[in-house]
Amino acid sequence: MIKLELEHITATWSDDSLGCTSPYTITYGAGGKDRLVATTQNPFVFLCGGSGDDMYVVDRQSHAIISDCGNGSDKIVMKGVGFGPVARSTATMDGGRHLLLRGEGSAIIILDWQSEANRIE
């Protein structure tokens with residue numbers, strides 16, 4: 001059995017900006033307008049927004065799994081990736097339940113992307 005130790009970073013109920021600078025990190029946005037950033041070339045970073053208008057930022061050469069766990073008008077920014085490369089590197093998984101976007105060395109997986117409760121506007 002493999003045991004994976006994860007670091008947890010949790011926002012406050014106000015507006016926060018939190019960066020994931022180490023591998024195997026889960027970052028939780030609580031209430032407020034949070035900015036959750038994957039900043040390094042890590043093998044596993046999990047970004048989970050909360051209520052409020054959240055922004056998920058994935059730097060060039062970074063990878064993240066994103067779950068929007070609240071309401072709000074949320075955005076995803078993949079730095080250094082234009083629409084063209086992303087459009088050519090799009091796939092769904094688990095019968096269309098999860099969305100994979102890749103481009104310019106970066107990749108994100110959006111969990112339950114079609115669910116109204118988890119949809120990123």
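Q: A salt bridge is a side-chain nitrogen of Lys or Arg within 4 Å of a carboxyl oxygen of Asp or Glu; to what number does the count of salt bridges come by this rule?
A: This is a predicted model, in which local features need pLDDT of at least 70, side-chain atom pairs count only at pLDDT 80 or more, and totals for chains, interfaces and linings use all residues. Residues are numbered from 1 along each chain as its sequence is written, and side-chain values use heavy atoms, with hydrogens and water left out. Side chains of opposite charge can pair when their charged atoms come close. By the rule above, the salt bridges come to 2.

Q: Which residues do the salt bridges that share partners join into one network?
A: Let's follow the pairs. Asp 94 bridges to Arg 97 with the closest N and O atoms 3.8 Å apart, and Arg 97 also bridges to Asp 112, where the closest N and O atoms are 2.3 Å apart. That second pair links distant parts of the chain, 15 residues apart, with Arg 97 in the loop between β9 (90–93) and β10 and Asp 112 in the segment after β11. Sharing partners, the salt bridges form one network of Asp 94, Arg 97 and Asp 112.

Q: Does Asp 94 count as buried or exposed?
A: Buried means under 20% relative accessible area, exposed over 50%, and partly exposed in between (1.4 Å probe, protein chains only). Its partner Arg 97 has 43% relative accessibility and therefore counts as partly exposed. Asp 94 has 53%, so the label for Asp 94 is exposed.

Q: How many strands are there in the protein?
A: Helices (H or I, at least four residues) and strands (E, at least two) are DSSP runs, numbered from the N terminus. From that end, the elements run β-β-β-β-β-β-β-β-α-β-β-β. Alongside 1 helix, the number of strands is 11.

Q: In which element of the protein is confidence lowest?
A: Confidence here is pLDDT, the predictor's score for each residue, from 0 to 100. The protein averages 78, and 81% of the residues score at least 70. Where pLDDT is low, the predicted coordinates should not be read in detail. Confidence is highest in β6, at 88, while the lowest mean, 54, belongs to helix α1 (residues 83–88).

Q: To which backbone nitrogen does the side chain of Ser 106 reach?
A: Ser 106 lies in strand β11 (residues 106–110) and counts as buried because its relative accessibility is 3%. A polar contact is a pair of N or O atoms within 3.5 Å; within protein, one must be able to donate a hydrogen and the other to accept it, and residues adjacent in sequence count only if both atoms are side-chain atoms. The Ser 106 side chain reaches the backbone oxygen of Asp 59 at 3.3 Å. At 2.9 Å, it also reaches the backbone nitrogen of Gln 61.

Q: What is the phi of Gln 61?
A: Gln 61 lies in the loop between β6 and β7. With 33% relative accessibility, Gln 61 counts as partly exposed. Although Gln 61 is not a glycine, its phi is positive, at about 65°.

Q: How many residues are in the largest nonpolar core?
A: A nonpolar core is a set of buried Ala, Val, Leu, Ile, Met, Phe, Trp, Tyr and Cys residues joined through side-chain atoms within 4.5 Å. Leu 47, Tyr 56, Ala 64, Ile 66, Leu 101, Ile 108 and Ile 110 touch the most other members of this core, whose residues number 17.

Q: Which residues does Leu 47 touch, not counting those up to four places away in sequence?
A: Contact means heavy atoms within 4.5 Å. On that basis, and with those sequence neighbours left out, Leu 47 touches Cys 20, Thr 27, Leu 36, Ala 38, Tyr 56, Ala 64, Ile 65, Ile 66 and Ser 67.

Q: Which residue offers the backbone oxygen that the side chain of Gln 114 reaches?
A: Gln 114 is found in the segment after β11. Its C-alpha atom is separated by 7.9 Å from that of His 98, 16 residues apart along the chain. The side chain of Gln 114 reaches a backbone oxygen at 3.1 Å, and that oxygen belongs to Gly 96.
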